[in-house]
Number of protein chains: 2
Amino acid sequence: MSLRSALLALLSSGPLTGYDVVKQFRASVGHVWHAPDSQIYPELRKMHAEGLLSSRPVPWGSRGATKTEYTITAEGERALREWQDTPLDYVRERDPAQLKAAYFEWASPGAAAAQLRAHIEHYRQQRAQALEQIRALEDRTNPTLARRLAANPEDQWERITRFKVFAYEGQVARAEQEIAWAERGLRLLAELGDPDGPGARETP
Amino acid sequence: MSLRSALLALLSSGPLTGYDVVKQFRASVGHVWHAPDSQIYPELRKMHAEGLLSSRPVPWGSRGATKTEYTITAEGERALREWQDTPLDYVRERDPAQLKAAYFEWASPGAAAAQLRAHIEHYRQQRAQALEQIRALEDRTNPTLARRLAANPEDQWERITRFKVFAYEGQVARAEQEIAWAERGLRLLAELGDPDGPGARETP
């Protein structure tokens with residue numbers, strides 16, 4: 001149900017066409033909860049059918065065509081509050097990078113180090129992206145935030161902004177921790193020297 | 001395919017009955033890659049059908065009953081190496097705790113702080129569990145590790161052990177980062193004072 005919550009949160013900043021939901025999702029909440037476009041449109045239709053969103057046709061282009069614009073309903077707002085007030089159900093640990101690292105003795109020479117370097121590169125990109133989001137929130141150039149602030153009284157602006165910054169700070173901290181872990185792994189590999197485990201031997 | 005890799009890794013320490021796979025999975029690799037028992041049995045049968053495992057009936061109890069014991073095949077070992085040598089496909093970010101935090105203005109008074117305290121509690125447990133695993137690896141009381149070491153030449157023991165410790169160090173570091181992030185969130189909530197956002201208002 002997290003995609004639904006993410007869409008309700010996005011639409012709580014004001015009405016959007018389906019197309020703009022997809023566009024703004026990618027540029028804002030999608031950084032914290034990734035979803036492909038192909039999941040977003042059907043979910044909007046389901047939420048509309050369940051009364052969480054209302055819709056109306058809005059003109060599109062010059063040939064009398066229309067697009068569907070969605071607005072969060074009072075029921076949608078209630079669902080958003082309910083999500084916030086329901087304790088999170090933590091899922092059990094499933095980390096593919098840690099799983100791999102636990103059995104690095106099966107890796108070919110060089111493969112474990114390559115994996116750790118790719119890990120560092122991935123989380124450097126994640127960190128850069130999260131820092132960019134924080135910058136756009138703090139200087140209020142993030143368009144989704146601008147819409148949200150415009151729809152709320154000014155005494156709420158700091159609160160609204162700082163919660164979003166806080167979420168991305170979590171991404172930055174996690175990225176830094178993953179980078180530090182992989183760097184520790186590279187030092188471990190250097191310390192252990194050339195591999196001679198089952199991964200360095202051919203299967204007969 | 002991570003469950004399959006985790007099962008191959010577990011069985012690379014020596015033959016196990018299906019029942020012992022489930023038991024040892026829970027006490028070792030399952031801490032890094034959680035899977036319910038109900039997924040493990042069918043996956044073992046599939047891996048057997050695909051030639052990654054061989055099987056033989058072994059006596060069970062005193063009434064002539066048997067259990068199936070699985071052994072990793074040369075093809076299974078090849079699959080294990082291939083998994084180690086294939087770069088990881090990083091999935092896009094999906095963090096339900098960060099998603100929630102980004103919209104804490106929708107939470108009822110007290111709900112955001114309760115969420116952050118539950119986050120801290122969850123990761124304290126994760127950290128304690130990972131530290132316990134590290135202890136059992138380092139003093140070699142972990143039974144799966146003992147089997148694995150017995151099946152490998154002594155000059156490989158340090159390598160095999162330290163990779164597993166390294167994986168759990170990643171869990172400890174992540175847990176500590178999540179705790180620090182949630183503590184930062186509690187300080188932020190204290191600083192912002194009593195909520196007065198949409199979450200504190202009733203839907204009309």
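**View 1. Where chain B meets chain A.** Here 87 residues of chain B are in contact with 87 residues of chain A, contact meaning heavy atoms within 4.5 Å. This is a predicted model, in which local features need pLDDT of at least 70 and side-chain atom pairs count only at pLDDT 80 or more, while totals for chains, interfaces and linings use all residues. Residues are numbered from 1 along each chain as its sequence is written, chains are lettered from A and ligands numbered from 1 in the order in which they are written, and side-chain values use heavy atoms, with hydrogens and water left out. The two chains bury about 8500 Å² between them, 56% of it on carbon and sulfur atoms; buried area is the accessible area (1.4 Å probe) that two parts lose on being put together, summed over both.

**View 2. Two copies, one shared surface.** A turn of 180 degrees and a shift of 0.0 Å along the axis lay chain B on chain A with an RMSD of 0.0 Å, after least-squares superposition on the C-alpha atoms of residues with pLDDT of at least 70 in both. The two copies are thus related as by a two-fold rotation axis. Because 100% of the interface residues of chain B are also interface residues in chain A, the copies meet through the same surface.

**View 3. Charged and polar pairs across the interface.** Between chain B and chain A there are 12 salt bridges, each a side-chain nitrogen of Lys or Arg within 4 Å of a carboxyl oxygen of Asp or Glu. One of them joins the side chains of Glu93(A) and Arg174(B), at 3.5 Å from N to O. On the chain B side, α1 (2–11), α4 (74–85), α5 (96–101), α6 (111–138) and α8 (157–192) each supply at least two residues that touch chain A; helices are DSSP runs of H or I, at least four residues, and strands are runs of E, at least two, numbered from the N terminus. Of these elements, α8(B) gives the most, with 22 residues.

**View 4. A salt bridge within chain A.** Glu50(A) pairs with Arg4(A), their closest N and O atoms being 2.7 Å apart. The pair links distant parts of the chain, 46 residues apart: Glu50(A) sits in the loop between α3 (37–49) and β2 (53–60), and Arg4(A) in helix α1 (residues 2–11).

**View 5. The annotated coiled-coil span of chain A.** An unreviewed UniProt entry annotates residues 113–140 of chain A as "coiled-coil region". The end C-alpha atoms of this span lie 40 Å apart, and the span is 93% helix and 0% strand.

Conventions: UniProt positions are given in the numbering used here, feature names are shortened, and annotations may be inferred rather than shown by experiment.
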